Amino acid sequence: MGNTFYGGDDGLCLSNGGTAAFVDVLMLAVSDLVEEPWDYRFAALLALQDQNVMGRGAVGFDLEDIDWGASPEEQARNKDFVLRVTDLALSRHRWDELDYDPAFAADHLRHFRAMVAAHALASRDDGSPAAFPVHEEAATASCARHRVLSALPHWEGCVFCTAG
């Protein structure tokens with residue numbers, strides 16, 4: 001069983017191990033780039049992909065379900081943030097801190113980046129709730145041991161603590 005991250009008609013289907021590595025390298029990058037409230041919400045979405053808590057084969061998200069922002073300017077800024085996070089992860093940022101070699105992570109990141117780049121942004125004015133953490137659920141707590149954002153208030157610990 002695996003996990004899928006969707007973007008329009010495209011999907012990034014990953015094994016459980018591939019998902020763990022994908023989330024790990026994105027968490028290392030997002031934790032070092034967050035600045036705005038939306039960034040912390042996106043970090044929470046990534047932290048919620050922790051299979052050690054959610055279950056193996058039980059994570060993934062659709063770019064359509066992300067609340068990208070109300071205005072075209074907000075949407076463009078937030079999309080750019082996700083692309084910058086992905087680019088930083090692609091540069092192997094902090095990968096030396098991992099206790100394993102994420103052999104296929106670069107390929108998965110390139111696929112995800114292409115999905116995000118191609119994703120057409122639109123306001124969510126249809127009244128349906130976005131499957132995206134609200135402001136109160138933003139990942140603002142940092143794990144002192146691993147120097148990454150954690151999924152508080154959902155559970156204690158970061159993706160590296162729960163893997164321990």
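These are my notebook entries on one protein chain and what I looked up in its structure.

**Entry: overview**

I note at the outset that the model is predicted. I counted the elements and found six helices and four strands in the protein chain. I then read their order from the N terminus, which is β-β-α-α-α-α-α-β-β-α. I looked up burial for the chain as a whole: 48% of its 164 residues count as buried. I also checked how far apart in sequence the contacting residues sit. Among contacts with a separation of 6 or more, 67% join residues 24 or more positions apart.

**Entry: helix α1**

I went to α1, which covers residues 16-33. The helix has 18 residues and reaches 26 Å from its first C-alpha to its last. That is close to the 26 Å expected at 1.5 Å a residue. Is α1 mostly covered or mostly open? I found it mostly covered, with 15 of its 18 residues buried.

**Entry: the largest nonpolar core**

I kept a general point in mind here: in soluble globular proteins, nonpolar side chains tend to be buried together. The largest nonpolar core holds 43 residues. Within this core, V30, F42, I66 and F112 touch the most other members. I listed the elements that give two or more residues to the core: β2 (10-15), α1, α2 (37-47), α4 (72-90), α5 (105-118), β4 (148-149) and α6 (159-163). Which element gives the most to this core? My answer is α1, with nine residues.

I followed F42 further. I left aside its neighbours within four places in sequence. F42 is then in contact with V30, I66, F81, V82 and F132. Two of the names in that list, V30 and I66, had already come up among the core members that touch the most others.

**Entry: helix α2**

F42 led me to its helix, as F42 is among the buried residues of α2. I found α2 mostly covered, with nine of its eleven residues buried. The buried ones are W38, D39, R41, F42, A43, A44, L45, L46 and A47. What do they pack against? I traced their packing to α1, α4, β4 and α6.

**Entry: helix α5**

I looked at α5 next. This helix has 14 residues and spans 20 Å from its first C-alpha to its last, close to the 20 Å expected at 1.5 Å a residue. Its buried residues are A105, A106, H108, L109, F112, M115 and V116. The cover over them includes β1 (2-7), β2, α1 and α4.

I picked out A114, also in helix α5. A114 counts as partly exposed because its relative accessible area is 44%, between the 20% and 50% cut-offs. I looked up its C-alpha distance to G7. The two C-alpha atoms are separated by 9.2 Å, although the residues are 107 apart along the chain.

**Entry: E74 in α4**

I placed E74 in helix α4. E74 counts as partly exposed because its relative accessibility is 39%. Its C-alpha lies 9.4 Å from that of W38, which is 36 residues away along the chain. Leaving aside neighbours within four places in sequence, I found E74 in contact with W68 and G69.

**Entry: two positive phi values**

Most residues other than glycine have a negative phi. I therefore noted two exceptions, R92 and R94. R92 has a phi of about 70°, and that of R94 is near 65°. R92 lies in the loop between α4 and α5, and the place of R94 is in the loop between α4 and α5 too. Are they buried or exposed? R92 is partly exposed, with a relative accessible area of 47%. R94 counts as buried because its relative accessibility is 9%.

**Entry: the largest pocket**

I ended with the largest pocket, which has a volume of about 420 Å³. It is lined by 23 residues. Which of them lie nearest its centre? I found D24, D99, V159, F160 and A163 there. The elements giving two or more residues to the lining are α1, α3 (51-54) and α6. Helix α1 gives the most, with five residues. I sorted the lining by type and got nine nonpolar, six polar and eight charged residues. So α1 appears twice in my notes as the top giver, to the core and to this lining.

Technical notes. Residues numbered from 1 in each chain as written. Predicted model: local features only at pLDDT ≥ 70, side-chain atom pairs only at ≥ 80, totals over all residues. Heavy atoms only, no water. Expected span 1.5 Å × (residues − 1). Buried < 20%, exposed > 50% of the residue type's maximum accessible area, 1.4 Å probe, protein only. Core = buried A, V, L, I, M, F, W, Y, C linked by side-chain atoms within 4.5 Å. Contact = heavy atoms within 4.5 Å. 1 Å grid on protein atoms, 1.4 Å probe; cavity = no way out; pocket = protein on both sides within 12 Å on 5 of 7 lines; lining within 4 Å. Points joined across faces, edges and corners; volume = space filled by probe spheres on them. Nonpolar A, V, L, I, M, F, W, Y, C, P; charged D, E, K, R; others polar.
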